[in-house]
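This report goes through selected side-chain contacts and backbone features of one protein chain. The sequence and the structure come first, and the discussion follows.

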Amino acid sequence: MLRKARNERTRNERTGDDRAGEASRRGSGRAASAGLVVAVGTGLGNVLAYGFNLVLSRGLGPGGYAELGTLLSVFLIGTVPGLAVQAINARRLAVVAEASPAARAALVRGLRRRGLAVGGAVAAVFVALAPAIAALLPSVTVGGVAWTGVSLAANTVFASYLGIAQGTSRFMTMTVLYLAAQGSRLTIGAVAASAQVAPTTVMAAQTAGWAFAAVAGRWLLRDVVDAGSAAGPESAAAWQDTGLKTGLKTGLKTGLKTGLNTEPHAEPHTEPHTPHHGYVSEVLRATGGLGGILLLTVLDTLLASRYLADGGLGRYNTGALLARAAFFAPSFVALLAYPRLARPSERRRALLTALTLTGGIGAVGVAIAAVGRDPLIRVAFGAKYATPGGFDLGADGWVFTSVGALLALVNLALLDGVARRSHAVSAVVLGGIVLETTVIVGFAHGSAAAIVTAAAACSLATATVSVTVCLTARPAVEAVAAAPEVEDAQAVGAVAQGT
């Protein structure tokens with residue numbers, strides 16, 4: 001009898017292990033599929049975003065694109081609060097996957113209201129600072145900056161819905177929303193270019209594109225908002241005594257530390273405890289970190305607007321599109337590598353593979369720009385940019401491309417720091433911003449070629465230090481703990497999306 005009982009117990013243990021292994025494999029498969037869906041969708045969305053800039057630079061020419069290119073650089077920096085809202089919404093929903101649908105719906109409604117509030121605050125700040133920004137960047141107008149702020153409000157609300165889709169594991173919905181937003185912007189850009197409208201009008205018109213995507217998000221996620229999500233099993237009892245406290249520690253570190261506060265008399269379907277001031281503090285912290293790498297990608301463009309004018313600035317802003325393409329092109333590598341970077345046993349191999357792929361894609365882009373020269377510029381941006389006179393964009397196109405390729409390596413190193421829960425690379429990025437500003441403002445601003453050469457040299461220094469830091473660093477003792485289905489897309493989605 002004892003032997004029979006032992007044999008039965010052994011069989012049960014093996015069956016339990018087999019079931020656990022099967023569940024783990026299913027979870028890994030879902031995570032891989034989610035990462036692939038988001039990676040492909042983000043890549044296509046970035047192509048559409050690049051197309052928006054491309055059709056406008058071709059249609060408006062160097063003179064017309066001078067102001068617009070600067071406004072779009074300001075817009076890119078202004079999207080950082082929206083990216084923070086997206087990450088925070090996703091994390092707050094991901095950590096309550098076991099809550100009841102009604103409880104999660106209550107949380108979603110609270111997050112929507114806060115997303116609207118942040119969007120309104122971003123618009124108000126930009127409108128208030130419009131005169132100061134216009135004075136600092138002579139190529140833009142007060143009206144253009146003000147409309148940029150209004151457009152950013154719609155973008156922030158849209159990003160709030162992206163975060164809700166991520167946090168409820170609705171990756172297909174998230175991908176559709178991103179493609180809808182960038183597709184509508186491309187359509188608006190094509191119409192604006194053909195009509196030769198003013199840059200201020202373009203910024204006002206793109207507001208409609210982001211607003212359309214936000215409305216689409218509200219409609220596609222209506223079941224989550226109105227009745228709750230079926231993404232996780234119902235567990236009202238698990239939610240009943242839970243109040244959520246989350247804090248985004250710093251920068252790109254989207255791994256929020258979550259605590260539980262006991263509330264004995266809470267009702268199971270009441271809105272989760274997420275104080276408004278707590279949400280705002282998270283947004284401010286995330287904005288500070290997320291803004292570093294994005295500011296570095298457009299810093300030379302913003303500084304160039306102080307020293308160049310008219311056609312020269314328009315050519316420079318167009319060259320910056322090459323840098324932006326080189327920066328975002330390999331973003332899918334970081335998107336797919338991040339989960340493995342967060343696992344100490346797999347990190348080293350994943351890091352080396354990701355660095356090789358990112359560097360290889362960048363090297364190919366630089367080579368194409370160096371060989372293509374004027375014919376490539378003529379095909380990509382139009383004959384106006386390849387004609388002699390002024391800044392020779394064809395000759396320096398490879399320098400622009402190298403800036404983006406090098407910063408893509410910095411971005412990967414930064415994400416590896418997120419996985420290791422380290423701030424070292426963030427400090428390097430801050431140092432890169434200070435270095436580039438000092439060099440360009442100090443002496444390297446006599447011509448467009450001098451500015452982009454200085455940007456490339458500073459990017460090389462920043463990339464070298466960043467990659468060295470992550471190659472010599474020790475992996476974290478513990479992997480990032482979060483819902484595995486959302487970790488792939490969530491932690492790196494912020495910097496994988498271009499505008």
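Which residues do ring pairs link into a cluster? They are Phe 75, Phe 158 and Trp 210. The model is a predicted one, and every value below is computed from it.

**Aromatic pairs**

The count of aromatic pairs comes to four. One of them is formed by Tyr 316 and Phe 400, edge-to-face, with 4.9 Å from centre to centre and 70 degrees between the planes. This pair links distant parts of the chain, since Tyr 316 belongs to helix α10 (residues 310–328) and Phe 400 to helix α13 (residues 393–420), 84 residues apart. Tyr 316 and Phe 400 are both buried. Phe 327 and Phe 328 also form an edge-to-face pair, with centres 4.9 Å apart and planes at 80 degrees. Phe 327 is buried, as is Phe 328.

**Charges over rings**

Two arginines have their charged ends over aromatic rings, as listed here.

| Charged residue | Ring | Distance to ring centre |
|---|---|---|
| Arg 185 | Phe 52 | 4.0 Å |
| Arg 222 | Trp 219 | 4.2 Å |

**The salt bridge**

How many salt bridges are there by the rule used? The count comes to one. Its partners are Asp 416 and Arg 347, whose closest N and O atoms are 2.9 Å apart. Asp 416 lies in helix α13 and Arg 347 in helix α12 (residues 344–381), so the salt bridge ties together parts of the chain that are 69 residues apart in sequence.

Are the two partners buried or exposed? The cut-off for buried is under 20% relative accessible area. Asp 416 has a relative accessible area of 0% and is therefore buried. Arg 347 also counts as buried, because its relative accessibility is 2%. Helix α13 thus holds Asp 416 of the salt bridge as well as Phe 400 of the aromatic pair with Tyr 316.

**Helix α12 beyond the salt bridge**

Arg 373 is placed in helix α12. Its phi is near 45 degrees, a positive value in a residue other than glycine. Arg 373 has 41% relative accessibility and so counts as partly exposed.

Pro 375 is found in helix α12 too. With a relative accessible area of 48%, Pro 375 is partly exposed. Between Pro 375 and Ala 386 there are 7.5 Å from C-alpha to C-alpha, and the two are eleven residues apart in sequence.

**A positive phi in a loop**

Where is Gln 196 placed? Gln 196 is in the loop between α5 (171–195) and α6 (199–220). Although Gln 196 is not a glycine, its phi is positive, at about 55 degrees. The relative accessible area of Gln 196 is 48%, which means that this residue is partly exposed.

**A nonpolar surface patch**

On the surface, Val 127, Trp 147 and Val 150 form a nonpolar patch, and together they have about 240 Å² of accessible area. Val 150 is placed in helix α4 (residues 142–167). Why can Val 150 be part of a patch, given that patch residues need over 30% relative accessible area? Val 150 is partly exposed at 33%, so its relative accessible area is over that cut-off.

**Two buried helix residues**

Thr 70 is in helix α1 (residues 2–78). Its relative accessibility is 0%, so Thr 70 counts as buried. A polar atom of the Thr 70 side chain lies 3.2 Å from the backbone oxygen of Ala 66.

Ala 455 lies in helix α15 (residues 448–472). Ala 455 is buried because its relative accessible area is 1%. The C-alpha atoms of Ala 455 and Gly 432 are separated by 9.8 Å, and these residues are 23 apart along the chain.

Notes:
Residues numbered from 1 in each chain as written. Heavy atoms only, no water. Phe/Tyr/Trp six-rings, centres within 6.5 Å; stacked < 30°, edge-to-face > 60°. Helix = DSSP H or I, 4+ residues; strand = E, 2+ residues; numbered from the N terminus. Buried < 20%, exposed > 50% of the residue type's maximum accessible area, 1.4 Å probe, protein only. Lys NZ or Arg CZ within 6 Å of the ring centre and 35° of its normal. Patch = residues over 30% accessible without salt bridge, like charges linked within 9 Å, V, L, I, M, F, W, Y side chains within 5 Å. Areas by Shrake-Rupley, 256 points an atom, 1.4 Å probe, with all protein chains shown as cover. Salt bridge = Lys/Arg side-chain N within 4 Å of Asp/Glu carboxyl O. Polar contact = N/O pair within 3.5 Å; in protein donor to acceptor, adjacent residues only side chain to side chain.
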